[in-house]
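I opened this notebook to record what I looked up in one protein chain. The entries run from the overall fold to single residues.

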Amino acid sequence: MVSWGGEPVYLSRIVFSFHKGEIPKGLLVRHTCDIKECVQPTHLILGTTGDNIHDSFRRQGRLIKIPQTAVDSLRSGQLSIADACRLYKIKVKHAYAIRAGWKRIIRWS
Ligand SMILES: [Zn+2]
């Protein structure tokens, strides 16, 4: 963080707005290179907090693919957690996450 007009801001935000324009409210500046301190303009992209969570899961190899039909039947309550796990070979915790509405963390296929 650096001081900018008396306000503490991330240097990456300043670099981004300098090179690419204003940052829309609610969005973050993210790094395609995964280095937090990096301020290479070409590495900076806009994103949401959700994108960041998504990224950290992906990096940890925890992103899983789940068929859309499994997602739909879990959400609608058509299938129980246990049945969905058996039928689609997904983990119980993932089935719960889907039912709870996690979208960003699990990549639908
Ligand atoms: Zn970088």
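The entries below follow the order in which I consulted the structure.

**Entry 1. Overall fold**

I noted at the outset that this is a predicted model. I then looked up the secondary structure and found five helices and six strands in the protein chain. Their order along the sequence is β-β-α-β-β-α-β-α-α-α-β. I next checked burial: of the 109 residues in the protein chain, 14% are buried. I also looked at how far contacts reach along the sequence. Of the contacts between residues at least 6 apart in sequence, 36% join residues at least 24 apart.

**Entry 2. The nonpolar core**

Which residues make up the largest nonpolar core? I listed nine: Ile-66, Ala-70, Val-71, Leu-74, Leu-79, Ala-84, Ile-90, Ala-95 and Ile-98. Two helices, α3 (68–76) and α5 (92–99), each supply at least two residues of this core. The largest share is that of α3, with three residues. I set beside this a general remark: in soluble globular proteins, nonpolar side chains tend to be buried together.

I then followed one core member, Ala-70, outward. Apart from residues up to four places away in sequence, Ala-70 touches Ala-84, Tyr-88 and Ile-90. Of these partners, Ala-84 and Ile-90 are themselves listed in the core.

**Entry 3. Packing of α3 on α5**

For the helix pairs I recorded two quantities, since two packed helices are described by the angle between their axes and the distance between the axes. The axes of α3 and α5 come within 9 Å and cross at roughly 65 degrees. The two helices are therefore roughly perpendicular to each other, and α3 passes α5 in a right-handed crossing. On the α3 side, the contact is made by Val-71, Leu-74 and Arg-75; on the α5 side, by Ala-95, Ile-98 and Arg-99. I sorted these residues by type and obtained four nonpolar, no polar and two charged.

I also looked up Asp-72, which is found in helix α3. With 13 other C-beta atoms within 10 Å, Asp-72 is partly exposed. The C-alpha atoms of Asp-72 and Arg-99 are 9.2 Å apart in space, although the two residues are 27 apart in sequence.

**Entry 4. Packing of α4 on α5**

How are α4 and α5 oriented to each other? Helix α4 (residues 81–88) packs with α5 at an angle of about 120 degrees, and their axes are 9 Å apart. I therefore entered α4 and α5 as oblique to each other. Their crossing is right-handed. Here Ile-81, Ala-84 and Cys-85 in α4 meet Val-92, Ala-95 and Tyr-96 in α5. The residues of this contact divide into six nonpolar, no polar and no charged.

**Entry 5. Loop residues beside the helices**

I looked up Pro-67, in the loop between β5 (65–66) and α3. Pro-67 counts as partly exposed, with 13 C-beta neighbours inside 10 Å. Its C-alpha atom lies 7.8 Å from that of Tyr-88, 21 residues apart along the chain.

Lys-89 is found in the loop between α4 and α5. Is Lys-89 buried or exposed? With 9 C-beta neighbours inside 10 Å, Lys-89 counts as exposed. I flagged its backbone: Lys-89 has a positive phi of about 55 degrees although it is not a glycine. For context, most residues other than glycine have a negative phi.

**Entry 6. The loop between β3 and β4**

My last lookup concerned two cysteines. Cys-33 lies in the loop between β3 (28–31) and β4 (44–47), and Cys-38 lies in the loop between β3 and β4. Cys-33 counts as exposed, with 11 C-beta neighbours inside 10 Å, whereas Cys-38, with 14, counts as partly exposed.

Leaving aside neighbours within four places in sequence, I found Cys-33 in contact with Cys-38 and His-43. On the same terms, Cys-38 is in contact with His-31, Cys-33 and His-43. I closed with two C-alpha separations. Cys-33 and Leu-44 are 8.5 Å apart in space and eleven residues apart in sequence. Cys-38 and Ser-12 are separated by 7.3 Å, at 26 residues apart along the chain.

How values were computed:
Residues numbered from 1 in each chain as written. Predicted model: local features only at pLDDT ≥ 70, side-chain atom pairs only at ≥ 80, totals over all residues. Core = buried A, V, L, I, M, F, W, Y, C linked by C-beta atoms within 7 Å. Buried ≥ 20, exposed ≤ 12 C-beta atoms within 10 Å, placed from the backbone. Helix = DSSP H or I, 4+ residues; strand = E, 2+ residues; numbered from the N terminus. Contact = placed C-beta atoms within 7 Å. Axes fitted to C-alpha atoms, helices over the stretch in contact; angles between N-to-C directions. Parallel < 35°, antiparallel > 145°, perpendicular 65-115°, else oblique. Left-handed = near helix turned anticlockwise from the far one by under 90°. Nonpolar A, V, L, I, M, F, W, Y, C, P; charged D, E, K, R; others polar.
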